[in-house]
Every structure is written in structure tokens, then in C-alpha cells.
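This report describes the fold, the interior and the cysteines of one protein chain. The sequence and the coordinates are shown first, and the description follows.

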Amino acid sequence: MRDCDSMHLKYYFTTDYISRVTREQREPYMDEIFHIPQAQKYCQGKFSEWDPMITTLPGLYLASVGVIKPIVWLADLSGAVVCSTAMLRFINLLFNCGNLYLLYLLICKLHQREKTRTTSRRILSALSLSTFPVLYFFNFLYYTDAGSTFFILFTYLMTLYGCHRASALLGVCAVLFRQTNIIWVAFCAGSLVAAKMDETWRMEQTKKKDEAKSQVPLNFYGMKKVLLFTLEFVTNPVHVKSVLLLVWPYVLVAIGFFLFVILNDGIVVGDRTSHEACLNFPQLFYFFSFTLFFALPLTVCYYRVVRFLHSLKRQPFFFLVVTVLILLLVWKFTFVHKYLLADNRHYPFYVWKKIFQRHELVRYLLVPAYVFAGWSFLDSIKYRSLFWILALLVCIMAATVPQKLLEFRYFIVPYLMYRLHMPLPSLHRLIIEFFLYTVVNVATVYIFISKTFPWPDSTAKQRFMW
């Protein structure tokens, strides 16, 4: 498969899909019933009017106006086409193009030492990630996901290039799209802190003539060793000063966000009743399972399964404790949002109904699969530095665990961060990944367009979606 041909094919299908979706679903659908009228108010200059049902900040609407107004002026447009549903949905198509380019730049930056990898593999990897099904679908609707992902990727790219003030500014833009993006701004700062900690760790291990250096065994001794080092690092004034001098732009963003939370009396703006935070620890296990499925062409093979079984054999007590801990978390901290049980337009509704509600024991029987999914996740990125992996895990927990609602859209950025940092796959695995994503995307769009169904109390057609 030639990369330019695959890119042309992707954008042929993308433009075809967006025209079909707009033709079949002309009126705002699902969350669009809030987003589109609000954006249209901004287009009319009514910046003081706000729909109290909207829970995110106005980044999407401001960006839309900033793009549409110059286009309207240059093309001399007027009337209903200005800030129409179709025009607003087109904004996400632009963000999708930007995401493709940012993904390519990130892959080049993160894997620049891999000289054996060709440019074509990097392009195909970026192309595949830009069609990641959950993100790709929302390019056709006026949702915050495409723009939110764009600014997070841009923020991280600037961090990697050492442009920290620009990165912090882009992080503010990301937070304006979705408040929880503050977690990924913190991840950018955390990756810098992790690099400092890794450097200090290697120096200490070199002094102790420890051949393992930054490699820490996956057991209780290794965890204790890392914890003691972390406590020593964060209580050392010299280390704290060096870190603050590096991450101060991100600290300013964090302070601004903290002030916003105080003044707003919480993170959510607008309707808060359906967005209450809780400690839903199984969300982390759902994410690992989600990751295992979508990274299946790249991660699961005979040799990895054999390595997992060898790990079980070498450290049975460690895996036993982990399994018991997961069982306890599933037992005590499983929460089910009312929307998950009531809204049959979303795929998580059917995942919950067909799997988790079959029997009370199902959630516990899935624990071995969670253990393997978590181990596979860590095994896929084990070549990354120790403290960087810890920073990523902390941010993934912060992004998933407080969410009461099982919503696959919350997994988009965590998955992309994971996938970007995996070793560049071989060409045949990338082709299989791209094929898997394409099949899922075609099926999802087809079901959305063709498999409509009625609700008893509504005359509008209902559609299935992520």
C-alpha cells in the first residue's frame, strides 16, 4: 500500500462520510443540540449568552468563530450557510487534518533514533492513528473531541521541542476545549520532571555500580526502591529548584486552573448533576481492555503470551496480590452512571448490557483479562524510562478513575499517548492496524446512517454512535 494512495483514500472516504452524515442528519444530534446553538450565538456576537446545560468551556465555539468569520468574509457568504450545522461540522474536519500532521511530527520526534524505520512507516503510523475509530467518528459531528485532541497533541509536541512557554499557552487552549485536559498539561510537565528523575536515578545507580541502572524489577522490592527514591527527590531543595526552573510555565497554567476551580466552585460549568466525580477504579481496567483490543495487531503475539506466562511462573505471589487488589477494587468501587443504563444510542450501553449485566459474577470473571491487559500495556512501553511510565500511569488514572460514566471518548488521548510511545511497528502490522480501524470506521458510519430506530416519546430518528 503506497502511503500517498492510502492518504488520498482516507480523505476521499472522510469527505464522502461527512457529506453523507450531513445529508442524512441535517439537524443537530445528541450533544450537538447544545453545541451548535451556542456556537451560532457566538457567530452572532452574543458572547454573554450561555446554555446552562453545557459543561465545557467555550474553546470550541471561539475557535469556530475564529475560523468561520474570515472564510465568510473572503468568500462573501451570507445567510443560513454562515455557522450552519454543516459549516460547524466542517471545523472538525480541519482539526482532523491538523491531527494527522501533528501525529506525524510526534512520531518523527519520538522515534528519531530508530534509523532502520523508513519515512513511509512513520507516515502510515500517523495515518492509522488519525483514523483511530473513536476519534475519527466524531470528526463528522460538532463535538469537542477533534479540537481537544489537536491542542493536546500540539502542546505535547512543543514540550518535546523544548518550547515550554508556547506549550503552556497551547495547554490553556486545550483546557478551554475540555477542563480535564489540565491532566495532559500536567503530563507534559511530568515528562520533564520524569527526565530529571531518571537522570538522577542513573547517576545514583552508577555510583552504586548497579548494572540494572534504571531497570527496576516488577516486584515489591522494586516498588519500595522507587518510592524511597521519589520521596528523597521531592524533598531535596536542589532538585525541587531545578524542576521549578524548568516547568514554571506549566505551574502558571496549574495556578490559573486552580483559581478557576475555586471561583467556579468546581471543574464543571453548567449542568453538574450528571458529572459528579467518584472513585470508579474499574474505569482503569476498562481502559486497559479497550487498549488491548485496539492495539491488538501491534501487541498480541505468541511470544508476548509466552512472556506473560513466564512472568506468572517467576512471580506468582506478586500477580496473586495484584489480582486480589483488582477484585477488591471491582467489588467496592464499581459505579454505574444512569446514562449508561438508559441511553441505548451509545455502544457502551450494549457492552454493559451484553457483558456486565449477564450475571453478577461476570465483572469478577473478567479480572484475569484485566491483569493480562495491564501487563501487556506496560510490556509494550517498557523500553521507555521508568519515571516517564509512572507519570503516564498517574495521568491515565487521573483521566479515567474519577469518571462515573463509561464513555469511550474519555479514552482517546490516553490511548494516543500510549500508542505514540510504543516502538514503531513493522509495515505488515501497521497495515493490519489500519485495516482494523478502517473496518470499524466503515461499520460505525454505516450503522449510524442506515440503522436508525425510533423512541416511543420522540418523532426524531435515533442513531447508534460511540
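Helices, as the term is used here, are DSSP runs of H or I with at least four residues, numbered from the N terminus. The model under discussion is a predicted one.

**Overall architecture**

The secondary structure of the protein chain amounts to 22 helices and two strands. Its radius of gyration is 23 Å, close to the 23 Å given by the globule rule for 466 residues, so the chain is as compact as a globular protein of that length. Along the principal axes, the C-alpha trace spans about 75 × 50 × 50 Å. Of the 466 residues, 50% are buried. When contacts between residues at least 6 apart in sequence are considered, 77% of them join residues at least 24 apart.

**Two helices and the nonpolar core**

Two of the helices are set out below.

| Helix | Residues | Number of residues | End-to-end C-alpha distance | Expected span |
|---|---|---|---|---|
| α20 | 386-400 | 15 residues | 21 Å | 21 Å |
| α22 | 427-450 | 24 residues | 34 Å | 34 Å |

For α22, the distance between the end C-alpha atoms agrees with the span expected at 1.5 Å a residue; for α20, the reach is likewise close to expectation. The buried residues of α20 include Phe-387, Trp-388, Leu-392 and Cys-395. Those of α22 include Leu-430, Glu-433, Phe-434, Tyr-437 and Phe-448.

The largest nonpolar core comprises 139 residues. The residues with the most contacts inside this core are Phe-132, Trp-184, Leu-392, Tyr-415, Met-465 and Trp-466.

**The surroundings of Tyr-437**

Tyr-437 is found in helix α22. Its relative accessibility is 0%, and Tyr-437 therefore counts as buried, the limit being under 20%. Apart from neighbours within four places in sequence, Tyr-437 is in contact with Ser-128, Thr-131, Phe-132, Pro-133, Phe-294 and Tyr-415. With the last of these, Tyr-415, there is also a polar contact between side chains, at 2.8 Å.

Tyr-415 has its own set of contacts outside the four neighbouring places in sequence, among them Leu-129, Phe-132, Phe-287, Phe-290, Phe-294 and Tyr-437. Glu-433, one of the buried residues of α22, is also in contact with Tyr-415. Phe-132 and Phe-294 thus recur: they are listed as contacts of Tyr-437 and also of Tyr-415. By contrast, Tyr-339 is 27 Å from Tyr-437, C-alpha to C-alpha, at a separation of 98 residues in sequence.

**Cysteines**

The model contains one disulfide. This bond joins Cys-43 to Cys-83, with an S to S distance of 1.6 Å. The torsion about the S-S bond is about -55 degrees, so the disulfide is left-handed. Cys-43 lies in helix α2 (residues 32-43), whereas Cys-83 lies in the loop between α3 (59-75) and α4 (85-110); the pair therefore ties together parts that are 40 residues apart in sequence. Both Cys-43 and Cys-83 are buried.

Which cysteine sulfur is closest to that of Cys-163? The closest sulfur belongs to Cys-188, at 12 Å, which is too far for a bond because a disulfide requires sulfur atoms within 2.5 Å. Cys-163 has 34% relative accessibility and so counts as partly exposed. Cys-97, at 35% relative accessibility, also counts as partly exposed.

How values were computed. Residues numbered from 1 in each chain as written. Predicted model: local features only at pLDDT ≥ 70, side-chain atom pairs only at ≥ 80, totals over all residues. Heavy atoms only, no water. Buried < 20%, exposed > 50% of the residue type's maximum accessible area, 1.4 Å probe, protein only. Contact = heavy atoms within 4.5 Å. Polar contact = N/O pair within 3.5 Å; in protein donor to acceptor, adjacent residues only side chain to side chain. Expected span 1.5 Å × (residues − 1). Core = buried A, V, L, I, M, F, W, Y, C linked by side-chain atoms within 4.5 Å. Rg over C-alpha atoms; globule rule 2.2 N^0.38 Å.
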